[in-house]
Amino acid sequence: MRIIIIGAGPGGYETAVEAAKRGLEVTLVTDGPLGGTCLNEGCIPTKTFCHYAGLIEEMKKAEALGITAAPAFDFSKVLERKQAVVQQLQDGIGMLMRNKLITVVEGHASLKDARTVIVNGEEYVGDKIIIAVGSVSASLPIPGADLPGVITSREILDLPEVPKRLAVIGGGVIGLEFASIFKSFGSEVTVLEYAPTILPRFDVDLAKRLKLALGKRGIAIETAAQVTGIYKVDGGLSVTYLTKNGEAAVEADKVLMAVGRRANLDALNLSDMGIEFTRRGITVDANMQTNVPGVYAVGDVLGQMMLAHAATFQGLRALNHICGEADSIDFAVIPAAVFTMPEAATVGMTEEEAKEKGMAIKCLKSMFRANGKAVSMDDTEGFCKLIVAEEDGRLLGCHLFGPHSADIVQEIAALLNKRATLAELQSVIHAHPTLGEVIQSAAHSA
């Protein structure tokens, strides 16, 4: 069997590798570098920036801990390291593609029929097609959105210098991560979010506490702020916005448009093929198959959970269906993290979602300030919040805010996949002293 995969992000190249392991022949078509958005202009370069920002924040605390340090910050070295990390991982994917069952074709793809893809005027035929063309940065339809100095998450990774003033439109994951990073790098940062809270889809308690923590670091955050325009002024740009108190403005040297991403629906001739889609993304069933038999779609182009790890497992689900194999992947359990300082992470239901469904729940909390490892690290901001069903004690969700939350939340993700109960979590022995004990402390607060 031969499959054609269009797109070389995690949903594409990782599916290609797995398909080859199963003996399938794969044609992987890409019109961009291997690794897609995640590797080249998303997760990986951003986390490289986060690492440097974290080092800066640690050095700021060093003197209070008895260490005298006077670090010099060379932003050009940060950019060099970021590119080196991306290149190293790109090379690694390139090695994986040197499989006799995988053929990489560079160029823009168009669909001829449910088995044929045209690239550079040449036809490629497969038994199945998987669409994994990802997403693109969204933008607000406001005056000045296309002015010089208004940038996306792609351009901000390649700025030659740190802007003195940075305005961030959007208080979601992307906007907050860059706000946190560039505050550490030395920018004066203002975040403008349209919703009443930052991180609108996250637990409300977590969002409120994170906003306070970022405010303590000097990041100005305006919520319930409707941005109305961006204008050129002497010395930079002015972003105007409306609040309940009227119109206001903030001036900046650079404006980051971070209002999310949208499915890359223009990448293929979906309408010509009769493939169903909405403004949000391509429509698929539980097996990632479109309404056209034999044509599947995975990743950001679905407009669902725009996360690299979600794309990877959606690709696996599609491949399993193609191969006639069942799996136990639970797409209701997808952890997500925000790499601000402090970090935030979430998995499963929020308190608000459970209550909307009419579920009787209890919320259990513990604080990092009571965690021995966090105290020894002098990193005690944050909490752990568990959502538990009253009826049977089943774990429903976990929301973390504090050091290494992105790593810690994975324990609850595993337990949610196994439909574990609070009692079962309480019986799990955790190493001491570790940050992960914050979960055990929350469990025993019942």
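How are α3 and α5 oriented to each other? Let's find out, starting with some background.

## About the model

This is a predicted model, in which local features need pLDDT of at least 70 and side-chain atom pairs count only at pLDDT 80 or more, while totals for chains, interfaces and linings use all residues. Residues are numbered from 1 along each chain as its sequence is written, and side-chain values use heavy atoms, leaving out hydrogens and water.

## Helices α3 and α5

Helix α3 (residues 43-62) and helix α5 (residues 173-185) have axes that come within 9 Å and cross at roughly 45 degrees. The two are therefore oblique to each other (neither under 35 degrees, over 145, nor 65 to 115). Here helices are DSSP runs of H or I with at least four residues, numbered from the N terminus, and axes are lines fitted to C-alpha atoms over the stretch in contact, with angles from 0 to 180 degrees between N-to-C directions.

Residues that meet here include F49 and Y52 in α3 and F178 and F182 in α5 (contact means heavy atoms within 4.5 Å).

## The nonpolar cores

The largest nonpolar core has 49 residues, and I3, L111, I131, I275 and I282 touch the most other members. Such a core is a set of buried Ala, Val, Leu, Ile, Met, Phe, Trp, Tyr and Cys residues joined through side-chain atoms within 4.5 Å, where buried means under 20% relative accessible area (1.4 Å probe, protein chains only). A second, separate core of 39 residues includes V78, F182, V189 and F401. F182 thus links our two topics: this α5 residue also takes part in the meeting with α3.

How values were computed:
Buried means under 20% relative accessible area, exposed over 50%, partly exposed in between (1.4 Å probe, protein chains only).
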